[in-house]
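Open the model in your viewer and keep the sequence panel visible. The tour below goes from one selection to the next.

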Amino acid sequence: MDLEHLSTDSLERIARAATPGEIEGLRVELLGKSGTVTGLLKTLGQMSPEQRQVEGPRLNGLRQTVAAAIDERKAALEAAALEERLARETLDLTLPAPEMPQGSVHPVSQVMDELAEIFADLGFAVATGPEIEDDWHNFTALNMPESHPARAMHDTFYFPVQNGVETDHEGAQQRRMLLRTHTSPVQVRTMLAAVKANPGGAPVRIIAPGRVYRSDSDATHTPMFHQIEGLVIDRDIHLGHLKWTLETFLKAFFERDDIVLRLRPSYFPFTEPSVEVDVGFALVGGRRVLGGSGDAPGHAWMELLGSGMVNRRVIEMSGLDPDQWQGFAFGVGVDRLAMLKYGMDDLRAFFDGDVRWLKHYGFAFLDQPTLSAGVGARA
Ligand code: PHE
């Protein structure tokens, strides 16, 4: 077959190719390793230089023409296939969209957000501390020296002592690591940080929400639970400030004006005087509904939280002068607050991770603006 003929014949066949597969077959047949055009190009090697000068451009021209025709035909076939698909496929906008599974905000996160918002309005900042705490911050600095009987009340999870050697806290105190048993060590850490930032001390107004751990487990106790600590340090702070703050916070949290508190003398090593706070409730359909005095007919008192004026020894150990600074502190169970507000009865269900429970008790991101849902969700 002469070159002219081969060229027309190839181009015709390429033009007739109806599928990408056929085009690919032609590419192999003509331009492949042992293809017709490739074979012709190989003959250039045996030609004389004069002959090659004539035949070289002709053969290369043929190869380029064929390659270009193949590419073009291939693109045209692909475009046609796409057109055909677009014409065939239709989009039915009346079909219901597939359901998108959506998570929800855990009641504990929800309550922590609510508390942060309530206390932010009262001028409190949020402080944090480590869950793996040392002996000194969790006990000693809170006026519970070693072998203090109150330590035994906490059912502490201790870490094993490393190599039999206990590290020192600031060269003096024994430092055994443990899972913090309450959020009160954040009191100490916050005061220490305040003194560091401002020698001589500074007013402090914080809440510290977080996880705490005790070796305890039944329907109302889990080895891990949540507390929120409150701490106010300033000049001339007294019990009246504590009572007003707790009343204001509980009224805002439970969204009721008739919350009545009873302050009862109590004992905590880190507060003096210490005050246990009870709240009045009525039993309605087997559920505790907060409100009214616990002494009113059909009402009773329920213990809600521990608090008191920060013990001057704690203020001292935190680096502040107790003759100049004093304040109050309180600690309350977040899970307990959630159970009371949203009517759940088994604490263990909080941490089982059962999606059905979360679906029932969880909070939607968009229904209620929360800090957990992120600032973006508020928009
Ligand atoms: N830390 C105490 C507890 O866990 C609660 C508390 C905090 C009491 C602050 C007084 C002041 O039981």
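Which side chain does the side chain of Thr183 join in a polar contact of 2.7 Å? Select Thr183 and look for Glu229: the side chains of these two residues make that contact. Keep in mind throughout that this is a predicted model.

**Stop 1: Thr183**

Thr183 sits in the loop that runs between β5 (177-179) and α8 (185-197). Switch on a surface and Thr183 should be hard to find, because its relative accessible area is 0%, which makes it buried. Now show what surrounds Thr183. Apart from neighbours within four places in sequence, its contacts are Ala208, Gly210, Val212, Gln227, Ile228 and Glu229. Leave Gln227 and Glu229 displayed, as both return at the next stop.

**Stop 2: the ligand**

Select the ligand next. There are 14 residues around the ligand, and those that come nearest are His182, Ser184, Arg214, Gln227 and Glu229. Take three of their side chains in turn:

- Ser184: an N or O atom of its side chain is 2.9 Å from a nitrogen atom of the ligand.
- Arg214: a polar atom of its side chain is 3.0 Å from an oxygen atom of the ligand.
- Gln227: here too a polar side-chain atom lies 3.0 Å from an oxygen atom of the ligand.

How much of the ligand's accessible area does the protein cover? On its own the ligand has 320 Å² of accessible area, and the protein covers 91% of that.

**Stop 3: Gly333**

Move to Gly333, which belongs to strand β12. Measure from its C-alpha atom to that of His182: the separation is 9.7 Å, although the two residues are 151 residues apart along the chain. Setting aside neighbours within four places in sequence, Gly333 is in contact with His226 and Gln227. Gln227 is also one of the residues that come nearest to the ligand.

**Stop 4: β11 and its partners**

From Gly333, select all of strand β12 (residues 326-333) and then β11, to which five bridges join it in an antiparallel arrangement. To find one facing pair, pick Ser307 and look opposite, where Phe330 of β12 stands.

Then add strand β9 (residues 271-284), which pairs with β11, also in the antiparallel sense, over 10 bridges. For a pair to click on here, choose Ala282; its bridge partner in β11 is His299.

Is β11 (residues 299-310) mostly covered or mostly uncovered? It is mostly covered, with nine of its 12 residues buried. As you turn the view, note that side chains in a regular strand alternate between the two faces of the sheet.

Methods: Residues are numbered from 1 along each chain as its sequence is written. This is a predicted model: local features need pLDDT of at least 70, side-chain atom pairs count only at pLDDT 80 or more; totals for chains, interfaces and linings use all residues. Side-chain values use heavy atoms; hydrogens and water are left out. Buried means under 20% relative accessible area, exposed over 50%, partly exposed in between (1.4 Å probe, protein chains only). Helices (H or I, at least four residues) and strands (E, at least two) are DSSP runs, numbered from the N terminus. Two strands pair if DSSP finds at least two bridges between them. Contact means heavy atoms within 4.5 Å. A residue is near a molecule or strand if one of its heavy atoms lies within 4 Å of it. A polar contact is a pair of N or O atoms within 3.5 Å; within protein, one must be able to donate a hydrogen and the other to accept it, and residues adjacent in sequence count only if both atoms are side-chain atoms. Accessible areas come from the Shrake-Rupley method with a 1.4 Å probe; for residues, only the protein chains shown count as cover.
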